[in-house]
Amino acid sequence: MTADVRPDCAAVLRSISAYLDGELDAARCDDIERHCAVCTDCAAVVAGLRSTIGLCRGAAAASLPDDVRRKAQDSVRALLRSAQG
Ligand SMILES: [Zn+2]
C-alpha cells in the first residue's frame, strides 16, 4: 500500500466512513461517484464496498449487520490513517 493518497481521496474516505455511520447524504454520494470516475484507487475501494455493503445504493448502512458494517468501517479507517500519514 502506497502512502501517497491525495487530499481528495481522504475526503472520499471520510464520506464513506460517514456512510457507514449512517450519516451520508445523497450529495456526498455524488461526490464519491465523481471522484471515483477519475481515481482508480478510490474506485477500487468503493467497488469492493459496494459489493459487500451496497455503498450509496440508497439503503441506510445502519440496516447492515453489525459485523459487516464494523469490518467495512475498520478497513475504511485503516485507509484513512494511511491517507493522513
Ligand atoms: Zn481517490
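D41 is partly exposed: 18 other C-beta atoms sit within 10 Å of its own, and a residue needs 20 or more to count as buried. This is a predicted model, so take D41 as a starting point for a look around it.

D41 has its place in helix α3. Its C-alpha atom is separated by 8.5 Å from that of C9, although the two are 32 residues apart along the chain.

Zooming out, the protein chain has 4 helices and 0 strands, and reading along the sequence gives you α-α-α-α. Of its 85 residues, 25% count as buried. Take the contacts between residues at least 6 apart in sequence: 62% of them join residues at least 24 apart.

Now for helix α4, which covers residues 66-83. With 18 residues, α4 reaches 25 Å from its first C-alpha to its last, close to the 26 Å expected at 1.5 Å a residue. Its two sides look like this:

| Side of α4 | Residues |
|---|---|
| Buried | A72, V76, L79 and A83 |
| Exposed, on the face turned away from the buried side | D66, D67, R70, D74, A78 and R81 |

Why do the buried residues of α4 share one side? They cover an arc of only 55° around the axis, which puts them on the same side of α4. The general rule behind this is that an α-helix has 3.6 residues a turn, so residues three or four places apart point the same way.

And what covers those buried residues of α4? The cover includes α1 (7-20) and α3 (40-53), and α3 is the helix that holds D41.

Technical notes:
Residues numbered from 1 in each chain as written. Predicted model: local features only at pLDDT ≥ 70, side-chain atom pairs only at ≥ 80, totals over all residues. Helix = DSSP H or I, 4+ residues; strand = E, 2+ residues; numbered from the N terminus. Buried ≥ 20, exposed ≤ 12 C-beta atoms within 10 Å, placed from the backbone. Contact = placed C-beta atoms within 7 Å. Expected span 1.5 Å × (residues − 1). Arc of directions from axis to C-beta.
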